[in-house]
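Biologist: Could you walk me through this model before I start using it?

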Amino acid sequence: MSNVEYARMKFYCDETLCIDCNGCVVACKEAHEVPVGVNRRKVVTINEGIVGKEVSVSMACMHCTDAPCQQVCPVDCFYIRTDGIVLHDKDKCIGCGYCLFACPFGAPQFPKDGAFGTKGKMDKCTMCAGGPEETNSKEEFEKYGQNRMAEGKVPMCASMCSTKALLVGDSHEVALIKTYRSVKKGQGISTDSYGW
Amino acid sequence: MENSSFFNRNKAYIYTFAGLGLVGFIFLEFLMVVDWNYFIKYKLHILFGGSLDGILVPATSSYEAMSNAAFGPNYEAFAPEIIRASNERQLYIWWVFVAEIALFCGMYLFQGRRAPVVKNPNDQVEVFNLFQRGVIWLNVAIMITLIITGFNITWGLRSGGGELAFLLRGMHEMTGLIWIPVWMLMSIVAFKDSKMLFRNSLTRKIVIPGTYKPMKRIIYYFFVIMGAGLIVSGFIIWFLHPDAYTNAQFIQFKRMMLYVHFGSSVLLMFFIMDFVYSALVAVKGNYKGLISGKYPREHLEQIAPDVLKELDEKKGKVA
């Protein structure tokens, strides 16, 4: 019996630090050559312009542990790696859009590149972990973008975040960073201890 | 006297609505997990408020406001049902058709087939003109295509996805777009009840002759209403395409439209199959007439005297 505890990779965006610069959005699009009209990442802002009340959060696929997209997909194109990253196989995808209906975050994106604007294959954040094609192959890049994870690198969005609002990594480590920021006031980045 | 009672005159309507009410109640009450309270309120909110975002009550906390802005409201109202339906119902969908076909087979066994006696097959009467036949067969071809391609998700479930199911899905969208004018033309051509409202030379040329019997009338109105539901919802599902930035504003509306689309398709499919059975299987000789447009006079005398009467009236043969 194995007691190995795998990492569970998660994003976390600290809304008290996010300044709505959209650097993460641009970095993602640039790194993966994401087509026009598709955004794997977005920044949502509420109370825009109201001083003291404006908050922003950077969002993409949250790589859910119990991913609704995987549950709803009729062709089982989703698969979850042992480290929790939710990936999909574009060769299986039929573009039905069910994952979009099921996703609470609006992560699945569909290029309108078919005849008269019909949907193409689904595209979403891979946490820079590519897809089922051979790692770092041309095919993998064309379908899913860079596989930075395989190179031991942080996903592009988090690595480019100027305020370090966007964190990525094993959920325990991310929680530790957030805890450290909350309790170590005056040392490095400090934020409130609560979320929304 | 018994035959002219209210029940006998309206039993097709009574049975249809009682049956639909019973099946609908069981289905909605026990087999679905949609939040119907929200479903109804949301529709009213769209009608009277004009907002599609699904936020029925303004957020009372910054957390709720953030959640609404980022994800859209009330995720649990529709999405869990979509997740359930895509997996469980897809596996049972074949049995719905098996049950329906079994029902018609039973009717065929017990009631048999009406076969009019035609002694003079050369005495033909033109019932459908070229325009009407064109619309009818175009509608048939498009509906068959829509039904086959509409099962792209079911095909995908069986095949594990791939290019064929992907192609079928795209084809369904394109064919649906073509069906919009054809559905409209078909609704006009088959609007026999229009003769109760107006009778002029144009409607006589366009609208097919005869009057509706109760069951056919139900089928016609279901075709028109459910067809409208399919077209509107299908068009919205296709073209209202929330991107990353507009997802929260539109996704709830899109989810609701998926229900409208599926509900309309289920009801339309049932009545279309009923129509195919009653018009083409239960009566011998109807099929050929739909191609040539002509029927033997004796066929019409026995099967559709109302059609013959109207055609004769048109030609001024009836005194």
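Modeller: What follows covers confidence, overall make-up, domains, the contact between chains and one helix. This is a predicted model, in which local features need pLDDT of at least 70 and side-chain atom pairs count only at pLDDT 80 or more, while totals for chains, interfaces and linings use all residues. Residues are numbered from 1 along each chain as its sequence is written, and chains are lettered from A, with ligands numbered from 1, in the order in which they are written.

Biologist: What is the mean pLDDT of chain A?

Modeller: The mean is 90, with 97% of the residues of chain A at 70 or more; pLDDT is the predictor's confidence in each residue, on a scale from 0 to 100. Among the elements of chain A, the lowest mean, 89, belongs to strand β2 (residues 42-46) and the highest, 97, to strand β5 (residues 86-88).

Biologist: And how many helices and strands are there in chain B?

Modeller: Chain B has 13 helices and 2 strands, where helices (H or I, at least four residues) and strands (E, at least two) are DSSP runs numbered from the N terminus. The C-alpha trace of chain B spans about 80 × 45 × 40 Å along its principal axes, and 27% of the 319 residues of chain B count as buried, that is, with 20 or more other C-beta atoms, placed from the backbone, within 10 Å of their own.

Biologist: Which domains is chain B divided into?

Modeller: An automatic or database domain assignment sets the bounds, giving domain 1 (1-29) and domain 2 (30-315) in chain B. The C-alpha centres of these two domains of chain B lie 21 Å apart, and 8 residues of domain 1 are in contact with 7 residues of domain 2, a contact being two C-beta atoms, placed from the backbone, within 7 Å.

Biologist: How many residues does each chain give to the contact between chains A and B?

Modeller: Chain B gives 39 residues and chain A gives 33. On the side of chain B that touches chain A, at least two residues each come from α3 (62-71), α4 (75-111), α6 (152-159), α7 (163-189) and α10 (247-281) of chain B.

Biologist: Changing topic, how many residues of α2(B) are buried?

Modeller: The count is 1 among 14 residues, so α2(B) is hardly covered by the same burial definition. Helix α2 (residues 36-49) of chain B reaches 19 Å from its first C-alpha to its last, close to the 20 Å expected at 1.5 Å a residue, the expected span being 1.5 Å times one less than the number of residues. Just after α2(B), Gly50(B) takes a positive phi of about 75 degrees.

Technical notes. Buried ≥ 20, exposed ≤ 12 C-beta atoms within 10 Å, placed from the backbone.
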